[in-house]
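Colleague: I have the model open and would like to talk through its enclosed spaces, and then one of its sheets. Could you put it up so that we look at it together?

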Amino acid sequence: MAKYEYDALVIGGGAAGLTTAGIAANFGAKTMMIEKDRLGGDCTWTGCVPSKTLLKAATVMHNTKQAEKYGLTAGKVELDPALVMKHVDKVRRQVYKDADDPDIFKEMGINVVEGSAGFVDDHTVKITDSKGLQREVSGKYIFICTGASAFVPPIEGIDSVDYLTNDSLFEIESMPGKLVIIGGGPIGSEMAQAFMRLGTEVDVVDMAPGILSNDDLELTAILKDTLEEEGVTYHLNSSLKSVAKSGSGITVTIEQDGEEKKLSADKILMATGRRANIDSLQTDIAGINTYKGGISVDDKCRTNIKHIYAVGDVTGRYQFTHMCEHMAKVATSNALIKIPMKIDKKHVPWVTYTNPELGHVGATEKQLNDAGESFEVYRFPFSKIDRAITDGNTTGLIKVYAKKWSGKILGASILGAHAGEMISEYALAMRNGVSIRAFADTIHPYPSYGLGARRAADQWYIRKQSETLVKWIKIIFGYRGEIPDFSDPNRIV
């Protein structure tokens with residue numbers, strides 16, 4: 001008889017767990033997936049899917065109000081918050097049905113079990129279901145995919161008010177008149193724009209001097225200006241001191257430049273980061289090393305216990321759905337079929353889905369400068385992309401960081417319409433060693449946003465020109481035209 005009941009025990013049924021279990025089953029491993037709530041996890045129910053659906057609804061309303069800009073006569077636009085949130089719920093349930101329904105995974109041969117899991121030893125977990133019934137199961141390999149949840153720091157008065165996090169945000173049925181968002185990261189930025197476009201007065205508070213601190217400073221400044229033009233009010237370099245009930249609303253006290261300010265709100269949204277879900281796992285019993293951010297893993301997604309792996313947000317390393325999927329592939333390949341794979345740390349893309357979108361891949365300009373790297377920045381504005389002009393989406397800028405002579409792409413940052421799609425081109429190029437010159441030589445359709453990505457790469461050729469080179473070309477071939485103006489080394493053609 002087999003020593004363990006299952007070849008693969010997967011704890012958690014979010015993006016990381018679903019992918020891990022699916023790959024394990026495809027490898028022929030007898031697999032159990034344990035989920036205490038609903039399959040789909042944060043991404044389907046409280047993260048990517050509902051937030052992008054709400055953003056879309058807000059954008060439709062915003063564009064309708066902007067109809068005259070496109071030569072159209074604007075009609076009256078009325079907002080029904082309950083219908084908007086009903087639409088959000090409908091979309092996430094459709095995603096669940098199409099991709100996350102337990103029956104899909106049962107058909108793959110996966111035993112899907114409801115309950116929370118905690119370690120009994122390093123090969124065994126105890127499962128406790130919603131009725132309190134318990135059972136123990138063992139696995140040859142165990143994959144921890146329990147994700148992360150919204151983190152709310154200890155703030156004076158926080159327990160006395162009905163605050164929102166992404167876990168509860170999409171359950172509201174009415175739009176607050178005034179919303180204070182604590183945190184200017186991706187969640188805070190996306191929801192600030194969404195609620196502002198849906199008619200809510202929005203204030204954003206953050207301790208940092210700018211928003212989206214992991215992104216390019218020049219691009220985040222442009223995005224901040226755009227959101228302010230739409231009506232978002234920022235309180236940066238500010239610390240949250242306390243919150244308190246005030247009639248039917250909330251008073252938020254902040255400190256900025258040594259002075260206290262009071263903000264009134266109907267609701268507050270805590271967009272203050274996420275913390276790994278490890279408290280109920282009893283990792284100490286299995287001897288698994290953890291740290292403040294979550295479960296410690298190496299670049300193969302393996303913990304210090306050689307047959308136990310951790311995937312996705314629970315590791316605290318990359319809290320993106322696409323990295324959950326990537327790490328699941330790495331973990332299962334190493335564990336189940338012994339193909340050595342490592343996390344691709346150099347080509348991790350991320351996108352904030354505001355309008356305009358902000359995307360990045362590879363090293364940032366600051367990281368390259370801090371490392372003393374020799375590189376050049378190739379820039380191209382959206383105002384020179386014909387498709388952006390036809391669509392009225394001229395706010396934005398492409399920045400590509402590459403080696404001067406080899407053209408090796410070290411990173412790219414894009415602010416603009418469809419930046420999330422455009423950054424994927426650079427991710428593909430970097431992953432496969434495509435130089436910026438080869439990128440520029442690749443034919444792109446006109447008119448498209450992708451052509452803008454290519455035109456940014458074209459600037460590598462422009463930088464290679466010089467007055468002396470053109471003079472020699474004129475002499476050798478007998479040309480009679482004028483020599484271009486090379487006085488501006490950063491000219492864009």
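Colleague: Which strand and which helix each supply at least two residues of the lining of the largest cavity?

Modeller: Strand 21 (376–381) and helix 15 (449–464) do, where helices (H or I, at least four residues) and strands (E, at least two) are DSSP runs numbered from the N terminus. A cavity here is a set of points, on a 1 Å grid over the protein atoms alone, where a 1.4 Å probe fits but cannot get out, and lining residues have an atom within 4 Å of a point. Keep in mind that this is a predicted model, in which local features need pLDDT of at least 70 and side-chain atom pairs count only at pLDDT 80 or more, while totals for chains, interfaces and linings use all residues. Residues are numbered from 1 along each chain as its sequence is written, and side-chain values use heavy atoms, with hydrogens and water left out.

Colleague: OK, and which residues line the largest cavity?

Modeller: The lining consists of Val 377, Arg 379, Gln 459, Arg 463, Asn 490, Arg 491 and Ile 492. By class, that is two nonpolar, two polar and three charged residues, counting Ala, Val, Leu, Ile, Met, Phe, Trp, Tyr, Cys and Pro as nonpolar, Asp, Glu, Lys and Arg as charged, and the others, Gly among them, as polar.

Colleague: What volume does the largest cavity have, and how many cavities are there in the whole structure?

Modeller: The largest cavity holds about 50 Å³, a volume being the space filled by probe spheres set on the grid points, which are joined across faces, edges and corners. The search of the whole structure gives two cavities of 30 Å³ or more, and the second largest has about 40 Å³. Ala 150, Asn 166, Ile 187, Met 270, Ala 271, Thr 272, Gly 273 and Arg 274 line the second largest cavity, and they divide into four nonpolar, three polar and one charged.

Colleague: Back to strand 21, then: in what order do the strands of its sheet run?

Modeller: The order is 19-20-23-22-21, an open sheet of five strands with antiparallel pairing, where two strands pair if DSSP finds at least two bridges between them. Strand 19 (350–352) and strand 21 are at the edges with a single partner strand each, so one side of each has no neighbour in the sheet. From one strand to the next the twist averages 10 degrees.

Colleague: How are strand 19 and strand 20 joined?

Modeller: A hairpin of four residues links strand 19 to strand 20, and the two strands pair over three antiparallel bridges, with Trp 350 having His 360 of strand 20 as its bridge partner.

Colleague: Is strand 20 mostly covered or exposed?

Modeller: Strand 20 (residues 357–362) is mostly covered, with six of its six residues buried, that is, under 20% relative accessible area with a 1.4 Å probe and protein chains only. Strand 20 also pairs with strand 23 over six antiparallel bridges, and Gly 359 stands opposite Ile 414 there.

Colleague: And what does strand 22 pair with?

Modeller: Strand 22 (residues 397–402) pairs with strand 23 (residues 409–416), again over six antiparallel bridges, and Ala 402 is opposite Ile 409.

Definitions and conventions: On a 1 Å grid over the protein atoms alone, a cavity is a set of points where a 1.4 Å probe fits but cannot get out, and a pocket is an open set with protein on both sides within 12 Å along at least five of seven lines; lining residues have an atom within 4 Å of a point. Axes are lines fitted to C-alpha atoms, for helices over the stretch in contact, and angles run from 0 to 180 degrees between N-to-C directions. Buried means under 20% relative accessible area, exposed over 50%, partly exposed in between (1.4 Å probe, protein chains only).
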